[in-house]
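Here's a quick tour of a protein model for you to follow along with. Keep the structure open beside the text and look up each residue as it comes up.

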Amino acid sequence: MAFSDLVRWREAGWAVCVSTPEAKATAESQLLPAKHSFALVRAVELRHGDLAGTQLLLLRNPWGSDDENTSPWSPSSDEMNRCRAAAA
């Protein structure tokens with residue numbers, strides 16, 4: 001499945017669910033819980049500035065709280081703050 005498929009499906013109003021694989025021994029696999037499903041709220045590709053080409057998924061964790069995610073691109077991360085500043 002391509003990122004463009006996710007964008008197209010959400011724009012068409014489809015309910016889309018994504019999931020993570022079993023945990024691997026890399027730092028990257030620790031950004032989201034292993035073997036967990038999320039609702040896809042939005043999929044966007046940034047088009048301007050030094051973040052152009054960055055693909056973002058806004059996921060909702062039905063079992064999580066709003067403040068538990070501290071990974072890169074989480075709501076309070078440096079990456080999201082740079083993105084907000086560039087969009088202003």
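## A pair of rings

This structure holds one aromatic pair. The partners are Trp9 and Trp14, and they're stacked because their ring centres are 6.0 Å apart with the planes at 10°. Bear in mind that you're looking at a predicted model.

**More on the two tryptophans**

- Are they buried or exposed? Trp9 falls in between: its relative accessibility is 22%, so it counts as partly exposed, with 20% being the cut-off for buried.
- Trp14 is partly exposed too, with a relative accessible area of 49%.

**The overall layout**

- The chain has two helices and three strands.
- Walk along the sequence and you'll meet them in the pattern α-β-β-β-α.
- The chain has 88 residues, and 23% of them count as buried.
- About 6,800 Å² of the chain is exposed, and carbon and sulfur atoms supply 53% of that.
- Take the contacts between residues at least 6 apart in sequence: 28% of these join residues at least 24 apart.

**How the strands line up**

- Strand S1 covers residues 17–19 and strand S2 covers residues 37–45; the two pair in the antiparallel sense, over three bridges.
- To see where S1 meets S2, find Val18, which stands opposite Phe38 in S2.
- S2 also runs antiparallel to strand S3 (residues 55–60), and six bridges join them.
- Which residue is the bridge partner of Ala43 in S3? Look for Leu57.

**Helix H1 and the nonpolar core**

- The largest nonpolar core is made of eight residues: Phe3, Leu6, Val7, Val16, Val18, Phe38, Leu40 and Ala43.
- Two elements give two or more residues to this core, namely helix H1 (3–11) and S2.
- The buried residues of H1 are Phe3, Asp5, Leu6 and Val7.
- Here's a handy rule for reading a list like that: an α-helix has 3.6 residues a turn, so residues three or four places apart point the same way.
- What covers the buried residues of H1? The cover includes S2 and S3.
- After H1 comes Gly13, which has a positive phi near 90°.

**Zooming in on Phe3**

- Phe3 lies in helix H1, and its 17% relative accessibility means that Phe3 counts as buried.
- Leaving out neighbours up to four places away in sequence, Phe3 touches Ala43, Val44, Glu45, Gln55, Leu56 and Leu57.
- One of those residues, Gln55, is 52 residues from Phe3 along the chain, yet their C-alpha atoms are separated by 7.9 Å.

**The loop between S1 and S2**

- Two residues to find here are Thr20, which sits in the loop between S1 and S2, and His36, which lies in that loop too.
- Thr20 has a relative accessible area of 16%, so it's buried.
- What does the side chain of Thr20 reach at 3.1 Å? That's the backbone nitrogen of Lys35.
- Setting aside residues up to four places away in sequence, Thr20 touches Leu32, Pro33, Ala34, Lys35, His36 and Phe38.
- His36 counts as buried because its relative accessibility is 18%, which is under the 20% cut-off.
- The side chain of His36 also makes a polar contact with the side chain of Asn61, at 2.9 Å.
- With residues up to four places away in sequence left out, the residues His36 touches are Val18, Ser19, Thr20, Asn61 and Trp63.

**The loop between S2 and S3**

- Now find Asp50, whose place is in the loop between S2 and S3.
- Buried or exposed? Asp50 has a relative accessible area of 65%, so it counts as exposed.
- The side chain of Asp50 is joined to the side chain of Arg82 by a polar contact of 3.1 Å.
- Asp50 and Ala86 are 36 residues apart along the chain, and their C-alpha atoms are separated by 9.2 Å.

Definitions and conventions:
Residues numbered from 1 in each chain as written. Predicted model: local features only at pLDDT ≥ 70, side-chain atom pairs only at ≥ 80, totals over all residues. Heavy atoms only, no water. Helix = DSSP H or I, 4+ residues; strand = E, 2+ residues; numbered from the N terminus. Buried < 20%, exposed > 50% of the residue type's maximum accessible area, 1.4 Å probe, protein only. Contact = heavy atoms within 4.5 Å. Areas by Shrake-Rupley, 256 points an atom, 1.4 Å probe, with all protein chains shown as cover. Phe/Tyr/Trp six-rings, centres within 6.5 Å; stacked < 30°, edge-to-face > 60°. Pairing = 2+ DSSP bridges. Core = buried A, V, L, I, M, F, W, Y, C linked by side-chain atoms within 4.5 Å. Polar contact = N/O pair within 3.5 Å; in protein donor to acceptor, adjacent residues only side chain to side chain.
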